[in-house]
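Subject: Structure handover

Hello,

Here is the structure I said I would pass on. Please open it next to this email and follow along.

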Amino acid sequence: GVDAALAANTGVVAGDIRDDAGVELGSVRVSLTNGEAVFTGYSSDTTDEVGRFRIDRIPPGTYTATFSRTGSATSALLVTIASGLVTEQDAVLAPQASISGQILDDGVARPGSVVRLFKIEEFDTTVLAEVTTGVNGRYTFTGLEAPQDYVVAVALSPGSSTLIASEIVSG
């Protein structure tokens with residue numbers, strides 16, 4: 001008999017994903033790509049493993065790891081995978097940007113105002129989002145890309161193409 005041992009020809013990437021306050025994040029999509037192959041997994045959302053992810057059987061090489069989750073800014077970094085090893089790679093996801101404000105008419109809150117959001121390069125052609133102000137005249141747009149320049153515009157009424165005010169907001 002001959003004793004033989006085979007070395008692993010793939011590696012593993014694993015780690016913890018948290019928000020910028022240190023809270024573990026479940027259901028984060030983790031994608032690794034080297035331009036030819038893509039490997040995907042998700043961080044756990046079970047009680048004892050929240051935020052932990054692991055992707056097995058990855059050929060050795062350098063990969064771009066992308067971490068994405070609704071409500072968080074996407075994060076990307078380079079990861080080098082070696083045969084037979086577990087590469088620990090933690091990630092921190094910041095919350096996405098938001099824009100909020102209040103529509104006033106002569107200092108009085110204006111409920112029921114239609115507020116539209118545009119990317120600056122698409123102003124007045126493509127509405128990114130539209131909300132109606134509440135009883136206090138306030139509005140909020142969430143889940144926005146940053147840094148990015150936006151135009152916040154107030155329309156005359158729902159469905160109207162007439163804007164009565166607009167302002168550039170940098171996020």
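Below are my notes on the cores, the pocket, one hairpin and one residue.

Please keep in mind that this is a predicted model.

Cores

The largest nonpolar core is made of 17 residues. Those with the most contacts inside this core are Val-13, Ile-17, Leu-32, Phe-53, Ile-55, Ile-58 and Phe-67. Six strands each give two or more residues to it: β1 (11-19), β2 (29-33), β4 (52-58), β5 (61-68), β6 (75-81) and β8 (91-93). Another core, of 10 residues, lies apart from this one, and Ile-99, Ile-103, Val-115 and Val-152 are among its members.

To see one part of the largest core in detail, select Ile-55. Leaving out residues up to four places away in sequence, Ile-55 touches Gly-11, Val-12 and Val-13, then Val-30 and Leu-32, and also Phe-39, Thr-40 and Gly-41.

Pocket

The volume of the largest pocket is about 210 Å³. Its lining has 16 residues, and the closest to the pocket centre are Ile-103, Tyr-139, Val-152, Val-154 and Glu-167. Ile-103 and Val-152 were already listed in the core of 10 residues. Which elements give two or more residues to the lining? They are β9 (97-102), β10 (104-105), β15 (149-155) and β16 (163-170). The largest share comes from β16, with 5 residues. By type, the lining has 10 nonpolar, 3 polar and 3 charged residues.

Hairpin

β5 and β6, which both give residues to the largest core, pair in the antiparallel sense over 7 bridges. One bridge to look for is that of Tyr-63, whose partner in β6 is Val-79. The hairpin has 6 residues between the two strands, and Gly-71 takes a positive phi near 90 degrees in this hairpin.

One residue: Ala-109

Ala-109 is in strand β11, which covers residues 108-109. Is this residue buried, partly exposed or exposed? Its relative accessibility is 28%, so Ala-109 counts as partly exposed, since buried means under 20% and exposed over 50%. Beyond its neighbours within four places in sequence, Ala-109 is in contact with Gln-102, Ile-103 and Leu-104, and with Val-135, Asn-136 and Gly-137. Ile-103 is thus a contact of Ala-109 as well as one of the residues closest to the pocket centre. For a sense of distance, Ala-109 and Thr-74 are 35 residues apart in sequence and 35 Å apart in space, C-alpha to C-alpha.

Regards

Methods. Residues numbered from 1 in each chain as written. Predicted model: local features only at pLDDT ≥ 70, side-chain atom pairs only at ≥ 80, totals over all residues. Heavy atoms only, no water. Core = buried A, V, L, I, M, F, W, Y, C linked by side-chain atoms within 4.5 Å. Buried < 20%, exposed > 50% of the residue type's maximum accessible area, 1.4 Å probe, protein only. Helix = DSSP H or I, 4+ residues; strand = E, 2+ residues; numbered from the N terminus. Contact = heavy atoms within 4.5 Å. 1 Å grid on protein atoms, 1.4 Å probe; cavity = no way out; pocket = protein on both sides within 12 Å on 5 of 7 lines; lining within 4 Å. Points joined across faces, edges and corners; volume = space filled by probe spheres on them. Nonpolar A, V, L, I, M, F, W, Y, C, P; charged D, E, K, R; others polar. Pairing = 2+ DSSP bridges.
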